[in-house]
Amino acid sequence: MSVFDHPEFDQHESIHYVHDATTGLRAIICIHSTALGPAAGGCRHWQYASDETALTDVLRLSRGMTYKNAIAGLRFGGGKSVILAHADTPKTPELMHAFGRAVESLGGRYITAEDVGCTVDDMRNVNQETRYVSGLPKSGDNAGGDPSPMTALGVFLGIQVAVKARLGSDSLQDISIAVQGVGKVGLNLCRLLNDAGARLTVADVNSDHLRLARDELPVTEVAPTELLFSDVDVLAPCALGDIFTAQTIPIIKAKIIAGAANNQLSTEEDGARLAEREILYAPDYVINAGGIVNVAAEYFGNSSEELVRTEVGRIPVRLDTIFAEAKATKEPTNRIADRMARRIVAGGPNESMDQTPHG
Ligand code: NAD
């Protein structure tokens, strides 16, 4: 099948297949849009079932980044990259150098950072070959470093506003929340939720990550296959996407879905399925924008951690607007968010997007 006929192809500007014979690197870098600025979005290192699945993922993720960056008010377009992990090609510094050279070859049209399976150290290796990378180690009070804590903060604030909108509660005290995946974002989120008095249920397919959560926090563990169907107030997906489908939605018990994972809905219609069941869905790319706000502040070099926190504090305001419109119009929240994002992209860069690319 031609990529142009792919169901997830949505006027993407360019798709780059990368191979490095020495390290065995195989990657896809996907630039969805540069209408608002360089296409920014993380690099995922993942073992895909097939190259086709990797392409589907990167096409969807890069479009999601266009929408996320637009709604977050950043002078960034949308892009994403996936490195196709394989047992024969471990994630060595050399492999990340090769990926860095591929990013450099795009001359700044794509800016990378860490996503699932990548760390600050990986980005340091990428940075040996290109300056078009963010999520590097932090220095002093400047914004930067692992974006996950800021993503978790945005999700936490988003859960608070969703709980207010759907359950009428001003507090998370005794609110039951199931967190799927206690990795970089999930664990940070659990800490914030625990401090706010929420009751936590967690699952992870990685026993080391689960142990870290269990050792630090009072959590109830369930099997990964059961977590989505837990009898809780809030479901916070912080693992991978494609989880809300025509099959799973009818048996979800939570009243709110608000988490960090990208591409949580399998299809756009799944947003309507959730709305029909009166499950309030916080659109993923709106609630999980804290990390890219941090990445942008680091990349443009004009911000402190405090300013990033202020900016992340706007996430619940945006969600509140979407929730209010959904309540008034009975439209699914994902459709409202998509429309908002497309309108911003069509309008082009504006003065409130005040960052100037460095270098
Ligand atoms: P991570 O790899 O650190 O954590 C993901 C966790 O989910 C891992 O512990 C993994 O074992 C677990 N997991 C995978 N499949 C699972 C399953 N079926 N059931 C339960 N657990 C499962 O990744 P992360 O950086 O924490 O990101 C989590 C999600 O949030 C991803 O979808 C990512 O794209 C999205 N996101 C992350 C950031 C960020 O700043 N890191 C920003 C925006 C969006």
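Trainee: Where does the ligand sit?

Mentor: In this predicted model, the ligand sits in the largest pocket. That wording applies because more than half of the ligand's atoms lie within 2 Å of the pocket's grid points.

Trainee: What makes the pair formed by Asn262 and the ligand a polar contact?

Mentor: A polar side-chain atom of Asn262 lies 2.8 Å from an oxygen atom of the ligand. The cut-off is 3.5 Å between N or O atoms, so the pair counts as a polar contact.

Trainee: Which backbone atoms approach oxygen atoms of the ligand?

Mentor: For Lys184, a backbone N or O atom lies 2.9 Å from an oxygen atom of the ligand. For Ala260, a polar backbone atom is 3.3 Å from a ligand oxygen. Both values fall within 3.5 Å, so these are polar contacts too. As for cover, the ligand on its own has 830 Å² of accessible area, and the protein covers 88% of it.

Trainee: Which residues come nearest to the ligand, and which helices supply the shell?

Mentor: Of the 24 residues around the ligand, the nearest are Thr151, Asp204, His209, Ala239 and Asn262. Helices α4 (148–167) and α5 (184–195) each supply at least two residues of the shell. By class, the shell has 10 nonpolar, 9 polar and 5 charged residues.

Trainee: How do you know that β8 and β9 are paired?

Mentor: Pairing needs at least two bridges, and 3 bridges join β8 (residues 199–203) to β9, so the two strands pair. They run parallel, and Val202 stands opposite Glu221 in β9.

Trainee: Why are β9 and β12 called edge strands?

Mentor: The open sheet has 6 strands in the order β9-β8-β7-β10-β11-β12, with parallel pairing. Strands β9 (219–221) and β12 (280–281) each have a single partner strand, so one side of each is left without a neighbour in the sheet.

Definitions and conventions. Residues numbered from 1 in each chain as written. Predicted model: local features only at pLDDT ≥ 70, side-chain atom pairs only at ≥ 80, totals over all residues. Heavy atoms only, no water. Near = heavy atom within 4 Å. Polar contact = N/O pair within 3.5 Å; in protein donor to acceptor, adjacent residues only side chain to side chain. Areas by Shrake-Rupley, 256 points an atom, 1.4 Å probe, with all protein chains shown as cover. 1 Å grid on protein atoms, 1.4 Å probe; cavity = no way out; pocket = protein on both sides within 12 Å on 5 of 7 lines; lining within 4 Å. Helix = DSSP H or I, 4+ residues; strand = E, 2+ residues; numbered from the N terminus. Nonpolar A, V, L, I, M, F, W, Y, C, P; charged D, E, K, R; others polar.
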